[in-house]
Amino acid sequence: MIIVMASRKQEDIDHVKSKVEEMGFDAHLIEGVQRTVIAAVGDGRGKERLQSLESLAHVEQVMPILKSYKLAGREMRPEGTVIPIGNTSIGGDTFSVMAGPCAVESREQIVETAKIVKAAGAQILRGGAYKPRTSPYSFQGMEEEGLKLLKEASEVADMPFVTEVMTTESLDLVADYADVLQIGARNMQNYGLLKAVGKKDVPVFLKRGMMATFNEWLMSAEYIMAEGNHNVIMCERGIRTFETETRNTLDLSAVPVLKKLTHLPVVIDPSHGTGHWDYVSPMALAAAACGADGLQIEVHPNPEVAVSDGPQSLKPKVFNQLMDNLRPILKVTGKSL
Ligand code: PEP
Ligand code: MN
């Protein structure tokens, strides 16, 4: 149920929260621009009792949440969520570009890439220190050393960074370094990991599973939010279809569909979405045009020697060109870098 507050006074909010908790529900406070609501979530039994809160003067309305995802649903924050990340934010009028290599390979590689993408206008650095590879014999990432190098590069370039966490065992370590925790496509339904990142006070970048429906993906966001972490960013990175010409099929309909269903920011990853560098820029521009809140793009100073995902990585010159081409499109959509 959603309890729409008539008052924004702290004592009134605390009063309703304690009533909700007394009835056996978790109370999640959502302070929007237009209204303050308290979401009472829990096992649906006994939810009718919550209706009685309508008799309180500081409560405007109590209404049911019809969707199976409660906290992620658009009705919870109709104006959309803006998530602060270091010296920038995702959502609202900002168009966020996260760029960097698939994997951290060396100090030179990550520091050089950070400087390049920052100069081109990207706000957030990306790079993997723990890599989910199809083969156990492929490069698995530089692990903690990679996290240290990401931190160094992010300080040099003065930009926050996003990096993937693959296991609950490594979560504390990764969360100590990262500004944003990425949950990869392969882990979208790793509920133990989702619950664990839900307990952290670090924004989560939730990639769509390769065969996940929108509902399943939003339920994964709900797992994170139900633990208290409401800062979730949805990232479409392509789904698996019968097509073999592209690595995945980038489902750009994710942007309008998620904009309708959820208040969470929506980012597009055309690198994994297509698998080929020359398809990345056209799809990135299309993502901006259809109202995405940002992009995640793989950029490598020398893709020919990249240890992972070289074929889909943009060279600095191509990335620069993409950033220049984005600006006029963003003018039309009302967002800016
Ligand atoms: C990545 O971002 O490098 C990655 C492995 O992404 P995904 O989980 O979307 O495959
Ligand atoms: Mn990659």
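**Close-up views of a metal site, a ligand pocket and two cysteines**

**View 1. The manganese site.** Along the chain, the donors of the manganese ion (ligand 2) are spaced as C-x169-H-x25-E-x10-D. Here His272 belongs to helix H8 (residues 270–274) and Glu298 to strand S14 (residues 294–298), so the pair ties together parts that are 26 residues apart in sequence; helices (H or I, at least four residues) and strands (E, at least two) are DSSP runs, numbered from the N terminus. The protein donors are Cys102 (SG), His272 (NE2), Glu298 (OE) and Asp309 (OD), at 2.0 to 2.4 Å from the ion. Donors are N, O and S atoms within 2.8 Å of the metal (3.2 Å for Na, K and Ca), and water is not among the atoms, so sites may look incomplete. Both His272 and Glu298 are buried (under 20% relative accessible area, 1.4 Å probe, protein chains only).

This is a predicted model: local features need pLDDT of at least 70, side-chain atom pairs count only at pLDDT 80 or more, and totals for chains, interfaces and linings use all residues. Residues are numbered from 1 along each chain as written, chains are lettered from A and ligands numbered from 1 in written order, and side-chain values use heavy atoms, without hydrogens and water.

**View 2. Around ligand 1.** Polar side-chain atoms of Gln182 and Arg186 each lie 2.9 Å from an oxygen atom of ligand 1. For Glu298, a side-chain N or O atom is 3.3 Å from a ligand 1 oxygen. The protein buries 97% of the 290 Å² that ligand 1 exposes when taken alone (Shrake-Rupley method, 1.4 Å probe).

**View 3. Two cysteines apart.** The sulfur of Cys235 is 13 Å from the closest cysteine sulfur, in Cys102, too far for a bond. Cys102 is buried at 3% relative accessible area, and Cys235 is buried at 0%.

Methods. Buried < 20%, exposed > 50% of the residue type's maximum accessible area, 1.4 Å probe, protein only. Disulfide = S-S within 2.5 Å. Polar contact = N/O pair within 3.5 Å; in protein donor to acceptor, adjacent residues only side chain to side chain.
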